[in-house]
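Morning, everyone. Please pull up the model on your screens. I'll keep this brief.

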Amino acid sequence: MGLVNKIEVESLKSAHCEAEHHTIVTDGTPLDLLLHSQYPSDNLLGMIPTIIDWVDEPKEKEFLKKRFNSEDKEVILPVLMCPDDCDLLCTVIVANVVKTDEYIIWKQVGIDRSNEEFRQLGYDGIGTTVDWLEKIPPMTFENTIYISQLRKIYD
């Protein structure tokens with residue numbers, strides 16, 4: 001495996017949250033800042049991780065846990081959400097997650113556009129239609145570090 005990216009979940013403030021909160025940081029840059037740097041007109045600055053404790057709807061919490069803990073080799077995982085409502089009905093950033101024995105690869109990151117599928121399938125429709133953010137390169141993380149860091153958000 002070539003370059004391995006670094007992933008951490010740190011307590012930081014963001015553009016729309018006064019209080020510090022869990023923030024996904026890849027290679028030293030908060031994920032919302034990375035996305036904003038490449039797509040400044042898409043209003044992605046200040047997006048926050050899909051923190052289970054901040055989500056009110058029990059079905060949403062279960063869905064997020066199910067996707068994160070999925071045994072599938074490839075899964076579409078919601079990773080960022082709007083800080084306004086803290087739910088999956090507003091803007092959601094998803095990662096196309098590919099799992100191997102040693103690594104977790106974010107093959108693509110994109111903006112979920114599955115509104116119609118959501119109406120038909122509920123939460124399982126999330127990730128069906130995605131505008132992939134082509135300027136964001138794939139990222140490869142060491143499996144155990146990835147899981148231990150993101151558990152802070154999804155457990």
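I'll go through the sheet, one histidine, a helix pair, a second strand group and the cysteines.

A caution to start: this is a predicted model.

Let's take the sheet. Three strands form an open sheet, in the order S1-S2-S3, with antiparallel pairing. Which strands sit at the edges? They are S1, residues 7-14, and S3, residues 29-30, and each pairs on one side only. Look at S1 against S2. That pairing is antiparallel and runs over 7 bridges. One pair to click on is Ser14, whose bridge partner in S2 is Cys17. Keep Cys17 in mind for later.

Stay on S2, residues 17-26, and find His21 there. Is His21 buried or exposed? It is buried, at a relative accessible area of 3%. Who surrounds it? Skip the neighbours within four places in sequence. His21 then contacts Glu10, Ser11, Leu12, Lys13 and Ser14, among others. Its contacts also include Ile48, Pro49, Ile51 and Trp54.

Now the helices. H4 lies across S1 and S2. Its direction is at about 30° to S1. H4 covers residues 143-154, and its partner H2 covers residues 58-68. The axes of H2 and H4 come within 11 Å and cross at roughly 175°. Why call them antiparallel? The cut-off for roughly antiparallel is over 145 degrees. So H2 and H4 are roughly antiparallel to each other.

What do the two helices touch with? From H2, we have Leu64, Lys65 and Phe68. From H4, we have Tyr146, Ile147, Leu150, Arg151 and Tyr154. By class, this contact splits into 6 nonpolar residues, 2 charged ones and no polar ones.

Next, the second strand group. Centre your view on S5, residues 74-81. How many of its 8 residues are buried? The count is 7, so call the strand mostly covered. S5 pairs with S4, residues 48-49, in the antiparallel sense over 2 bridges. There, Pro49 stands opposite Leu80 of S5. We met Pro49 a moment ago, as a contact of His21. S5 also pairs with S6, residues 92-99. That pairing is antiparallel too, and it runs over 7 bridges. Leu77 is a good place to look, with Ala95 in S6 as its bridge partner.

Last topic: cysteines. How many disulfides does a search of the whole structure find? It finds 1. Cys82 and Cys90 form it, with their sulfur atoms 2.4 Å apart. The torsion about the S-S bond is about -55°, so this disulfide is left-handed. The two ends sit in unlike surroundings: Cys82 is buried at 8% relative accessibility, whereas Cys90 is partly exposed at 33%.

Back to Cys17, as promised. Cys17 is in no disulfide. The nearest cysteine sulfur belongs to Cys86, 6.9 Å away. Why is there no bond between Cys86 and Cys17? The sulfur of Cys86 has Cys17 as its closest cysteine sulfur, but at 6.9 Å it is too far for a bond. The cut-off for a disulfide is sulfur atoms within 2.5 Å. Cys17 counts as buried at 12% relative accessibility. Cys86 is buried too, at 11%.

To recap: H2 and H4 are roughly antiparallel, His21 is buried, and Cys82 and Cys90 form a disulfide. That's it from me.

Conventions. Residues numbered from 1 in each chain as written. Predicted model: local features only at pLDDT ≥ 70, side-chain atom pairs only at ≥ 80, totals over all residues. Heavy atoms only, no water. Axes fitted to C-alpha atoms, helices over the stretch in contact; angles between N-to-C directions. Helix = DSSP H or I, 4+ residues; strand = E, 2+ residues; numbered from the N terminus. Parallel < 35°, antiparallel > 145°, perpendicular 65-115°, else oblique. Contact = heavy atoms within 4.5 Å. Nonpolar A, V, L, I, M, F, W, Y, C, P; charged D, E, K, R; others polar. Buried < 20%, exposed > 50% of the residue type's maximum accessible area, 1.4 Å probe, protein only. Pairing = 2+ DSSP bridges.
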